[in-house]
Amino acid sequence: MKEAEVRGGDDMCRTIEVAMVEPQVTPVTKLSLPPAVEDDGGEDLHIPPLNFSLVDNGIFRSGFPNTANFSFLQSLGLRSIIYLCPEPYPETNAHFVKSNGIRLFQFGIEGCKEPFVNIPEDTIREALRVVLDVKNHPLLIHCNRGKHRTGCIVGCLRKLQRWCLSSVFDEYQRFAAAKARISDQRFMELFDVSGFKHPPMSFSCSKR
């Protein structure tokens, strides 16, 4: 387990943890899911998490999933989840990932607000390496609301996919809406992708 800190003023961000987490939970023989929501026709409905969206083939993004979203996540056949918050994964979510054979990667990034902000670049790079490894796909990236921390990861991925900045910012702002942060966009603009291998053409999305 490695820990790293980015120190500055009292309001600066800190990287709490960069690790692949194996949830320590009591083994269960069967996952207990909440009753599926039914429409008027009697058919089961899968409910996606807040701010859920397809990023690319085998890559999804969202806000924090809750128990009502578990049946939807099962339908994706996930192999991995990237969790971007420093808090321990809730017990119900830990049971879900373990019982479904999903690997949990936790990159603990503090939720920061402007004007004092320091986004941990090393942590973003480590998370991107997990995203780029197709052995981890299908994969879900999520933080709390699916806006800022998730938006930064996806924005840096788009730069690697050679999207123009206007398209990167447009996608970020669609999810962040009124909560969009200049500091996040500045970070994405300055993020250096030269240390990464560019993904193959079959992995890259077209620019929007």
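Q: In this predicted model, what do the buried residues of H2 pack against?
A: They pack against helix H1 (70-76) and strand S6 (80-83). The buried residues in question are Asn-93, Ala-94, His-95, Phe-96 and Val-97 of helix H2 (residues 91-99). Each is called buried because its relative accessible area is under 20%. Just after H2 comes Gly-101, with a positive phi near 65°.

Q: How do you know how many disulfides the structure holds?
A: The count is zero. A pair of cysteine sulfur atoms must lie within 2.5 Å to be called a disulfide. The sulfur of Cys-152 has its closest cysteine sulfur in Cys-156, at 6.4 Å, which is too far for a bond. Looking from the other side, the closest cysteine sulfur to that of Cys-156 is in Cys-152, again 6.4 Å away and too far for a bond.

Q: Are Cys-152 and Cys-156 buried or exposed, and how do you know?
A: Set each value against the cut-off for buried, which is under 20%. Cys-152 has 3% relative accessibility, so Cys-152 counts as buried. Cys-156 is at 0%, so Cys-156 counts as buried too.

Q: Which residues have the most contacts inside the largest nonpolar core, and what makes it a nonpolar core?
A: Ile-82 and Ile-124 have the most contacts inside this core of 47 residues. Helix H4 (residues 149-160) gives the most to it, with six residues. The set is called a nonpolar core because its members are buried residues of nonpolar types, such as Ile, joined through side-chain atoms within 4.5 Å. As a general point, nonpolar side chains in soluble globular proteins tend to be buried together.

Q: Which residues does Ile-82 touch, not counting those up to four places away in sequence?
A: Its partners are Phe-105, Phe-107, Ala-127, Val-130, Val-131, Leu-139, Leu-140, Ile-141 and His-142. They are called contacts because heavy atoms come within 4.5 Å.

Q: Is Val-154 buried or exposed, and how do you know?
A: Val-154 has a relative accessible area of 1%; the cut-off is under 20%, so Val-154 is buried. This residue is found in helix H4. Leaving out residues up to four places away in sequence, Val-154 touches Val-55, Arg-61 and Glu-171. Ile-59 is 95 residues from Val-154 in sequence, and their C-alpha atoms are 9.9 Å apart in space.

Q: How are helix H5 (residues 165-176) and helix H6 (residues 182-190) arranged, and which residues meet?
A: A packed pair of helices is described by the angle and the distance between the axes. Here the axes come within 11 Å and cross at roughly 145°. The crossing of H5 and H6 is right-handed. On the H5 side, Leu-165, Val-168, Phe-169, Tyr-172 and Gln-173 take part, meeting Asp-184, Gln-185, Met-188 and Glu-189 in H6.

Q: What makes the peptide bond between His-137 and Pro-138 stand out?
A: It is a cis peptide bond, with omega at about -5°. Pro-138 lies in the loop that runs between helix H3 (121-132) and strand S8 (139-142).

Q: Why is Asn-51 called partly exposed, and Arg-162 exposed?
A: Partly exposed covers the range between the cut-offs of 20% and 50%, so Asn-51, at 23%, falls in it. Exposed means over 50%, and Arg-162, at 52%, is therefore exposed. Asn-51 sits in the loop between strand S3 (44-45) and strand S4 (53-56), while Arg-162 lies in the loop between H4 and H5. Neither is a glycine, yet phi is positive: near 60° for Asn-51 and about 65° for Arg-162.

Q: What makes Glu-110 count as partly exposed?
A: Its relative accessibility is 27%, neither under 20% nor over 50%, so Glu-110 counts as partly exposed. Glu-110 is in the loop between strand S7 (103-109) and H3. Pro-86 is 24 residues from Glu-110 along the chain, with 6.2 Å between their C-alpha atoms.

Q: How many helices and strands does the protein have, and what share of its residues is buried?
A: There are six helices and eight strands, in the order β-β-β-β-β-α-β-α-β-α-β-α-α-α from the N terminus. Of the 208 residues, 47% are buried.

Key. Residues are numbered from 1 along each chain as its sequence is written. This is a predicted model: local features need pLDDT of at least 70, side-chain atom pairs count only at pLDDT 80 or more; totals for chains, interfaces and linings use all residues. Side-chain values use heavy atoms; hydrogens and water are left out. Buried means under 20% relative accessible area, exposed over 50%, partly exposed in between (1.4 Å probe, protein chains only). Helices (H or I, at least four residues) and strands (E, at least two) are DSSP runs, numbered from the N terminus. Axes are lines fitted to C-alpha atoms, for helices over the stretch in contact, and angles run from 0 to 180 degrees between N-to-C directions. A crossing is left-handed if the near helix is turned anticlockwise from the far one by less than a right angle, and right-handed if clockwise.
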